[in-house]
Amino acid sequence: MEQNHHFTGLTDAQIIESRKKYGENVLTPPAKDPWWKDFLEKFTDPIIVILLIALVLSVGVSCYEFWGAGKPASVFFEPAGILIAVLLATVVGFLFEQSANKKFEVLNKVNDDTLVKVIRNGNICQITKREVVVGDIVIVETGEEIPADGELLEAVSLQINESTLTGEPVCRKTVVEEAFDRDATYPSNHAMKGTTVADGHGVMRILKVGDASEYGKVYEGAQIDSSVETPLNKQLDGLADLITKASYAIAALIVIGRLVWYFVEHSGVGFDFIDFGSFFLQTVMIAVTVIVVAVPEGLPMSVTLSLALSMKRMLSTNNLVRKMHACETMGAATVICTDKTGTLTQNQMKVYDCNFFDGSADVINEGIAVNSTAFLDYSDPNKIKALGNPTEGALLLWLNEKGVNYLPLRENATIVEQLTFSTERKYMATIVNSPLLGKKVLYVKGAPEIVFSLCKNSPVSKEKIDVQLLEYQNKAMRTLGFAYAILDDEKDYIKEGTLNSQLSTLNFLGIVAISDPVRAEVPNAVRDSISAGIDVKIVTGDTPGTAKEIGRQIGLWQNNEPDNHHITGTEFAAMTDDDASKIILDLKIVSRARPMDKQRLVDLLQQRGQVVAVTGDGTNDAPALNQAQVGLSMGDGTSVAKEASDITILDNSFGSITRAVMWGRSLYQNIQRFILFQMTINVAACIIVLIGAFLGTESPLTVTQMLWVNLIMDTFAALALASLPPNEKVMHDKPRKTDDFIISKPMWRGILGVGIFFVLLLFGLVQYFKHAEISDLTQFRFDDFAKNYFNFNQGNGLSPYELSLFFTIFVMLQFWNMFNAKAFMTGKSAFANIGKSSGFLLIAAVILVGQWLIVTVGGEMFNVTPLKGVDWGIIIGITSLVLWFGEIGRKVRLF
């Protein structure tokens, strides 16, 4: 039995020495980077790096043109535009992440100033949690948090909720060695920092504080930088590499081709260094122009806007995204490793089934109400909470669901004597003066087999009870037996910490099964995840039986499941990495897992090429949350878990996780759509510059016009495509491979096909306008267009009105192609569900109005003159053929 002792605790001198030797009881917070470092990190994005290179080259060319060639200061518009594109992409992403982090800090405040009772200098006193030192004697009671790791010196009916560390909601603690649970994650006579006392009280000696505690080790493990490159970053790296190589190849082709052309043209003529130098400089400038034109200035902004909008919109679905990349990475997840307690289950014990064979409702209700140490918190009528022992709390909640308030029953019955629950007795007994029965009554509850053995009267056989218990235990439920006796005499029925063996009137009432129920939405959410090609693995500190039963309830575990689909943490830890790596893809459940087992599992899965998301609410989940490509913590989880995560699920719902997958996949599609839109223009622009380099024609588009196209219009297009609602059909697809190139084969067909069509059309227009003087498009003649297509004479050049026509046609081709991009990968018309795309339509209207304003009032700045109304009608009608051809292509499933 637990013994009472006299403790004096540490002296003042010993306290100072202990603090000096072992430190304070605080966790060292992770070193946070200053805001400017977080901002500079945004410039490491591969596309941003290419833009910065293009910026340097563009500045060099502009400086030469301004100071060397005497051109106006407008030559600096192009580098200024690139700089604005870089700053917009980096600043927007930075500000959104800073905003999310501020919300998170409010959510995740930790208080180290909670008071705890300690014995020092022979006196009981209160100190803050941070002041506890190694060697302190601490008194712990029901509802209190354990301030540091320690060894129990006394334990009276002590039960501790270790779910934050192991997933176990109730662990019985004792100082009697014979009663130790040898399979427990932590010793039965130890209490760990961060856990809470569910029932009873005790005295403990502190062994480890702060970072040295088990909680501190897990916290430290959660801070280790185990960042893994995200799938999107890998794919954008590949795109950046392609753009770099392609632009440099075209630039080299221009330099070599023009030099060969120059020497062929000047063969047999004396070499003129000045003429050659001028030609060579012009060639280099054209080559640099190709590199600048090839860079999709709007892409970083598009990705950032898409991620930022998703961050904001995911918050409305209870996903607080702290790290922007997590929005998209969830869509690439191939494995979800989930904790059990608090994630799959409600982390609140509830009565599953009742079998009362005897006794009236009054007796049962009063027995539950008075023979308990738990309480209910009614402060929130919509969410009544159990305080104290979770199992006893479940019984009180059951009474509440029946409309019975336990408090009047408890307060009106005078307690005569009480035996609290202990691991040795395995039952609790209370004698009360019952106002309901008008007599003294003994109520007993505890392990059914023990309670049944104490009873002399039972309306049911032991065999029937055993069958019922086996059924409940196979479902990993906790069971309690109930009994009562009316006491007509004044005998001493409780003696020396146990019931009097002479008691002959104890009647067996029945049994109750209690469980931590699965959240209602979890089975459907798990089914959706599996149908989306995502493996779900339960990783828990709970027993194998409980873990398998929860797996069965959520549809993950079948009765005939192979043995290699389950492993315990001990078995997993004993395996080498090579052996473990061979079985991890088949695993469905890891039980009795310790924190570092979860992290190792995630690491090995990543080594096998998996994109891993980890869900959890406890401190024990933090290392794995940190290791994963996406860590998802629960809103009511521990501060350590939330600090280690990328996304916090505010409503604690597994269903919110599957919605995050849908958002991530839809977001990736939107990014692909913008790349399709942007790269089509870039391909067309590069080819036009390449043709112009050998034909000696200047670009019909000015720098300011290109700024409107590449910066402002592309940004609006990015907003339009990013505003598209998520598509639930993406959940029918399998996760994409991380080594897939971001531009798929259908995208290549669209980019090259439409890009070349744009080039042919735009080149023909330049050739036509050079040789025909027109004042409106009603004068356009197709036979003249065909006749002048290959007429490479200089002609008359382009008039201001013709330049305005060309600029507007160029923009409107892109405008309609944006609708094609919207419909890409849907297999539907661009007008399908158009009513749900109000944001897209609004931005499309803004682009159209913006183009009209620029052409109408842009004047010299944009080198334009106002167009006639008839020309606007013809341009909008003719360029819309891009959309209608796309509609036909989608109809016959060309793309």
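In this predicted model, K822 is buried yet forms no salt bridge. The nearest side chain of opposite charge belongs to E887, and it is 8.5 Å away. A salt bridge would need a side-chain nitrogen of Lys or Arg within 4 Å of a carboxyl oxygen of Asp or Glu. K822 lies in helix α26, which covers residues 800-823. A polar atom of the K822 side chain lies 3.0 Å from the backbone oxygen of A830. A830 also appears among the contacts of K822 beyond four places in sequence. The others are R673, L721, L724, A832, I834, S837 and F840.

Strand β20 spans residues 535-539. Four of its five residues are buried, so the strand is largely enclosed by the rest of the structure. β20 pairs with two strands described here, β9 and β22. Strand β9, residues 335-338, runs in the parallel sense to β20, with four bridges between them. Within this pairing, T338 has I538 of β20 as its bridge partner. Strand β22, residues 589-591, also pairs with β20 in the parallel sense, over two bridges. Here V539 is matched with V590 of β22.

The cysteines were examined next. A disulfide is a covalent bond between the sulfur atoms of two cysteines. The structure holds zero disulfides. C354 is in none, and the nearest cysteine sulfur, that of C455, is 17 Å away. The cut-off for a disulfide is 2.5 Å between the sulfur atoms. C354 has 24% relative accessibility, so it counts as partly exposed. C686, by contrast, is buried, with a relative accessible area of 8%. Buried here means under 20%.

Methods: Residues numbered from 1 in each chain as written. Predicted model: local features only at pLDDT ≥ 70, side-chain atom pairs only at ≥ 80, totals over all residues. Heavy atoms only, no water. Buried < 20%, exposed > 50% of the residue type's maximum accessible area, 1.4 Å probe, protein only. Pairing = 2+ DSSP bridges. Lys, Arg positive; Asp, Glu negative; His and termini not counted. Polar contact = N/O pair within 3.5 Å; in protein donor to acceptor, adjacent residues only side chain to side chain. Contact = heavy atoms within 4.5 Å.
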